[in-house]
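Please walk me through this structure one selection at a time. I have it open in a viewer and have not seen it before.

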Amino acid sequence: MKVLYKNQLIDREQAQVIDIEDRGYQFGDGVYEVIRVYNGHTFTLKEHLTRLFESAKKIKLTIPYKKKEITALVFQLIQANQLTEGTVYLQITRGNQSPRQHDFHLSQQSESILTGSTNPKAVNRAQLQQGVKATLIPDTRWLHCDIKSLNLLVNLLANAQAHEQGATEGIFHRDEIVTEGSHSNVFIVKNKQVITHPANHLILNGITRQVILAQCAATGIQLEEREFTRKELLEADEVFFTSTSTEGQGITEIDGQIIGDGQVGPLTKQIQQLVFQEINKQCGKIYV
Ligand SMILES: Cc1ncc(COP(=O)(O)O)c(C=O)c1O
């Protein structure tokens with residue numbers, strides 16, 4: 001198994017020597033991306049790299065490589081690990097600025113560290129058809145959720161709580177307003193209209209979300225980006241969540257309350273098909 005370290009591939013075993021004073025460990029001072037691979041091809045890689053550079057810029061971190069170079073490294077990693085279906089994880093931290101200090105401006109010696117690895121985990125296709133349960137969780141994260149930052153503790157705790165309660169996904173809310181999932185974007189459907197939280201500082205503008213927005217615009221599905229409440233969520237005809245790792249999954253039950261008729265709804269299925277079409281277009285025939 002190969003992993004990416006700076007701008008080269010090294011053996012997984014060699015990667016255990018990465019610096020213990022890296023600011024990624026000390027402060028979560030870095031950003032990341034997860035990119036899906038189907039058929040050995042990346043899906044929406046360009047969009048993921050754009051977001052990686054945007055996230056880095058927002059935390060004043062310089063990425064010492066061009067997008068073109070990172071693209072080539074991602075392809076090399078996929079090839080070296082013979083990844084046909086799964087994900088590529090990319091992370092960039094502000095590196096080691098020993099001795100540990102909060103202000104990153106104080107250090108002269110700073111080299112941002114790019115690392116990456118692959119995971120051969122396929123999408124859970126049974127869940128795509130059957131739908132999953134979710135649970136509502138207060139959104140206690142910071143106010144820069146548009147940055148795909150390494151600081152994921154609140155998301156991890158939310159996910160753990162969801163699992164403890166027999167649910168697959170936690171759905172965050174700030175008071176009455178539903179923001180997004182613990183690692184996904186959330187959509188509701190009411191009277192054939194699809195609604196999702198606007199892409200502002202309170203959510204991550206998911207790449208899957210962006211694919212769906214474009215597909216809905218292209219096919220005439222009514223979609224509105226606006227805030228919606230917990231009440232609207234629970235009374236929706238359909239609810240689904242989207243992410244790179246899960247694509248788009250129907251939510252059939254939230255905190256014991258059945259959504260719609262308790263099945264993955266027709267618009268959710270239609271949108272799933274649109275995502276499949278885009279995957280097929282970019283990566284070859286995956287979904288028939
Ligand atoms: C908090 C959060 N929102 C949304 C998403 C969905 O983003 P994407 O579709 O780019 O995977 C993720 C994915 O990890 C996430 O962690």
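Residues count as buried under 20% relative accessible area, as exposed over 50%, and as partly exposed in between. The model on screen is predicted.

**Stop 1: E47 and I35.** Select E47, which sits in helix α2. Its relative accessible area is 33%, which lies between the two cut-offs, so E47 is partly exposed. Now add I35 to the selection. The two residues are twelve apart in sequence, and their C-alpha atoms are 9.6 Å apart in space.

**Stop 2: T42.** Keep I35 on display and select T42, in strand β4, which covers residues 41-42. Is T42 buried or exposed? With a relative accessible area of 12%, T42 is buried. Leaving aside neighbours within four places in sequence, the residues in contact with T42 are I35, R36, V37, V74, F75, I78, Q282 and C283.

**Stop 3: the largest nonpolar core.** In soluble globular proteins, nonpolar side chains tend to be buried together. Here the largest nonpolar core has 23 residues, and I63, I70, V88 and L90 are the ones that touch the most other members. To find where this core comes from, colour β3 (30-38), α2 (45-58), α3 (67-80) and β5 (86-93), the elements that each give two or more residues to it. Which of them gives the largest share? That is α3, with five residues.

Next, centre the view on I63. Not counting residues up to four places away in sequence, I63 touches L52, F53, A56, I70 and I92. Elsewhere there is a second, separate core of 21 residues; V123, L267, I279 and Y287 are among them.

**Stop 4: helix α6.** Select residues 207-219, the 13 residues of α6. From first C-alpha to last, α6 reaches 18 Å, close to the 18 Å expected at 1.5 Å a residue. Its buried residues are I207, T208, R209, V211, I212, L213, Q215 and C216. Just after the helix comes G220, with a positive phi near 80°.

**Stop 5: α6 against α8.** Add helix α8, residues 266-283. At what angle do α6 and α8 pack? The angle is about 105°, and the axes are 10 Å apart. Angles of 65 to 115 degrees count as roughly perpendicular, so the term applies to α6 and α8. To show the contact, display V211, I212, Q215, C216 and T219 from α6, together with I271, L274, V275 and E278 from α8. Of these contact residues, six are nonpolar, two are polar and one is charged.

**Stop 6: backbone details.** Most residues other than glycine have a negative phi, and most peptide bonds are trans. Three places in the loops are worth selecting with this in mind.

- K60, in the loop between α2 and α3, has a positive phi near 60° and is not a glycine. K60 counts as exposed, because its relative accessibility is 58%.
- D255 lies in the loop between β15 (247-254) and β16 (257-258). Its phi is also positive, near 50°, again in a residue other than glycine. At 44% relative accessibility, D255 counts as partly exposed.
- P99 is in the loop between β5 and β6 (113-119). Select S98 along with P99: the peptide bond from S98 to P99 is cis, and its omega is near 0°.

Methods. Residues are numbered from 1 along each chain as its sequence is written. This is a predicted model: local features need pLDDT of at least 70, side-chain atom pairs count only at pLDDT 80 or more; totals for chains, interfaces and linings use all residues. Side-chain values use heavy atoms; hydrogens and water are left out. Helices (H or I, at least four residues) and strands (E, at least two) are DSSP runs, numbered from the N terminus. Buried means under 20% relative accessible area, exposed over 50%, partly exposed in between (1.4 Å probe, protein chains only). Contact means heavy atoms within 4.5 Å. A nonpolar core is a set of buried Ala, Val, Leu, Ile, Met, Phe, Trp, Tyr and Cys residues joined through side-chain atoms within 4.5 Å. The expected span of a helix is 1.5 Å times one less than its number of residues. Axes are lines fitted to C-alpha atoms, for helices over the stretch in contact, and angles run from 0 to 180 degrees between N-to-C directions. Angles under 35 degrees count as roughly parallel, over 145 as roughly antiparallel, 65 to 115 as roughly perpendicular and the rest as oblique. Ala, Val, Leu, Ile, Met, Phe, Trp, Tyr, Cys and Pro count as nonpolar, Asp, Glu, Lys and Arg as charged, and the others, Gly among them, as polar.
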